[in-house]
Amino acid sequence: MTAARGSAEGLSVSDRPNSYIGKTVPRPNLDRLMQGRGAYVSDIELPRMAHVLFLRSPHAHAKIAAIDASAARQMPGVIAVVDGSELASVITPWVGVLSHLKGLKSAPQHAIAVDRVCWQGEAVAAIVATSRALAEDAAECVLVEYEELDAVTDMRTALDPQTPVIHPSLGDNLAFERSHDAGDVDQAFAQSDEVVEAEFLFGRHTGVTLEPRAVVADWNSAEARLTIYQGTQAPHMVQNIAALHLGRLQGCRWFVRHQGPCLRR
């Protein structure tokens with residue numbers, strides 16, 4: 001690809017020093033990654049480290065009638081089996097709103113579901129064991145009894161009066177709405193020779209790394225310090241969220257470390 005050159009008096013937009021158009025971008029970490037020396041969260045091994053596996057709901061919307069983890073707790077290598085009610089005593093629910101999106105609504109979300117699951121795959125229990133394999137074995141022995149509820153899966157009918165409201169405290173199923181009004185729209189339509197209407201459907205999409213989601217948390221009780229290793233582009237946000245919801249805003253030191261081939265520092 002060849003970038004277009006500007007006149008002798010100046011440079012084109014593509015010639016700016018910070019432009020990557022038409023240029024080969026060097027990868028300073030390429031040699032390390034090609035040699036298999038990339039460091040990921042899953043590569044971290046700490047002394048006495050335990051592994052956690054989350055048992056997840058197969059239903060999109062259901063009540064949690066009962067959880068029987070008695071057999072799993074007796075299995076070799078199992079340290080603990082924790083449900084949402086137990087975890088709620090040490091961590092407060094998170095509300096997923098953004099300050100720059102005024103009017104965005106989100107119901108309080110527990111780290112593990114309490115009484116009810118609201119999407120397929122929501123965690124209902126955490127199995128902590130001395131290895132990932134033992135945690136997986138124990139998860140098969142945790143019995144969860146569900147009472148299925150109506151699910152809302154079509155956003156085009158989510159606001160219909162007959163559609164159940166998933167989070168009654170929010171009033172409806174509308175998470176966010178933004179109206180943009182510029183100029184005299186009605187006049188523009190009235191003066192148009194022809195009006196074309198179309199409907200566009202976009203599937204869910206997001207930017208993700210090749211590394212699966214992972215986190216390692218190391219609590220040092222002697223120094224009252226929590227170190228979190230996570231592949232994230234927002235370490236300060238993770239630090240604030242963890243401190244806020246664990247009730248450790250005061251009297252504790254926090255460190256969140258970038259971990260991953262693209263984010264490691």
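Colleague: In which sense do strand S2 (residues 62-68) and S4 pair?

Modeller: Keep in mind that we're looking at a predicted model. In it, S2 and S4 are joined over 2 bridges. Strands of a sheet pair through backbone hydrogen bonds, and that pairing can go either way, parallel or antiparallel. For S2 and S4, the sense is antiparallel.

Colleague: Which residue in S4 is the bridge partner of Ala62?

Modeller: Start with the ranges: S2 covers residues 62-68, and S4 covers 116-117. Look across from Ala62 into S4, and the bridge partner there is Val117.

Colleague: Which strands stand at the edges of that open sheet?

Modeller: The sheet has 3 strands, and they run in the order S4-S2-S6. An edge strand has a single partner strand, so one side of it is left without a neighbour in the sheet. Going by that, the edge strands are S4 and S6.

Colleague: Let's move to Ser70. Is it buried, partly exposed or exposed?

Modeller: First find Ser70 in helix H2, which spans residues 70-73. A residue is buried under 20% relative accessible area and exposed over 50%. Ser70 comes out at 44%, so the right label is partly exposed.

Colleague: And which side chain does the side chain of Ser70 make a polar contact with?

Modeller: Don't mix this up with Val81, whose C-alpha atom is 8.9 Å from that of Ser70, with the two residues 11 apart along the chain. The polar contact is a side-chain pair at 2.7 Å. The partner of Ser70 in that contact is Asp68.

Colleague: How many residues apart in sequence are Glu86 and Arg73?

Modeller: These two form a salt bridge, with their closest N and O atoms 3.9 Å apart. Glu86 sits in helix H3 (residues 84-87) while Arg73 sits in helix H2, so the pair ties together parts of the chain whose separation in sequence is 13 residues.

Colleague: What relative accessibility does Glu86 have?

Modeller: The whole structure has 5 salt bridges, and Glu86 takes part in one of them, with Arg73. Arg73 is partly exposed, at a relative accessible area of 40%. Glu86 is partly exposed too, and its relative accessibility is 40%.

Colleague: How many residues apart are Asp172 and Lys105?

Modeller: Their side chains meet in a salt bridge, at 2.6 Å from N to O. Asp172 is in the loop between strand S6 (143-148) and helix H5 (185-190), and Lys105 is in the loop between H3 and S4. Asp172 is partly exposed at 31%, and Lys105 is partly exposed at 28%. So much for the setting; this pair links distant parts of the chain, and the gap is 67 residues.

Colleague: Arg156 and Asp154 meet in a salt bridge as well. Is Arg156 exposed or buried?

Modeller: The N to O distance in that salt bridge is 3.5 Å. Asp154 is partly exposed, with a relative accessible area of 28%. A residue needs over 50% to count as exposed. Arg156 has 53%, so it's exposed.

Colleague: What does the count of disulfides come to?

Modeller: A disulfide is a covalent bond between the sulfur atoms of two cysteines. There are cysteines to look at, including Cys118, partly exposed at 22%, and Cys141, partly exposed at 31%. The count of disulfides is 0.

Colleague: Which residue of the nonpolar patch is found in helix H6?

Modeller: The surface patch is made of Trp94, Met237 and Ile241, with about 270 Å² of accessible area together. H6 spans residues 235-245. Its buried residues are Pro235, Val238, Ala242, Ala243 and His245. One patch residue placed in H6, partly exposed at 48%, is Met237.

Colleague: What is the phi of Asp115?

Modeller: Most residues other than glycine have a negative phi. Asp115 isn't a glycine, yet its phi is positive. You'll find Asp115 in the loop between H3 and S4, where it's exposed at 53%. Its phi is about 70°.

Colleague: Where does Ala224 lie?

Modeller: Ala224 also has a positive phi, about 50°, although it isn't a glycine. At 23% relative accessibility, it counts as partly exposed. Its place is the loop between strand S7 (215-220) and strand S8 (225-230).

Definitions and conventions
Residues are numbered from 1 along each chain as its sequence is written. This is a predicted model: local features need pLDDT of at least 70, side-chain atom pairs count only at pLDDT 80 or more; totals for chains, interfaces and linings use all residues. Side-chain values use heavy atoms; hydrogens and water are left out. Helices (H or I, at least four residues) and strands (E, at least two) are DSSP runs, numbered from the N terminus. Buried means under 20% relative accessible area, exposed over 50%, partly exposed in between (1.4 Å probe, protein chains only). A polar contact is a pair of N or O atoms within 3.5 Å; within protein, one must be able to donate a hydrogen and the other to accept it, and residues adjacent in sequence count only if both atoms are side-chain atoms. A salt bridge is a side-chain nitrogen of Lys or Arg within 4 Å of a carboxyl oxygen of Asp or Glu. A disulfide is a pair of cysteine sulfur atoms within 2.5 Å. Two strands pair if DSSP finds at least two bridges between them. Patches are made of residues with over 30% relative accessible area and no salt bridge: like charges are joined within 9 Å, nonpolar side chains (Val, Leu, Ile, Met, Phe, Trp, Tyr) within 5 Å. Accessible areas come from the Shrake-Rupley method with a 1.4 Å probe; for residues, only the protein chains shown count as cover.
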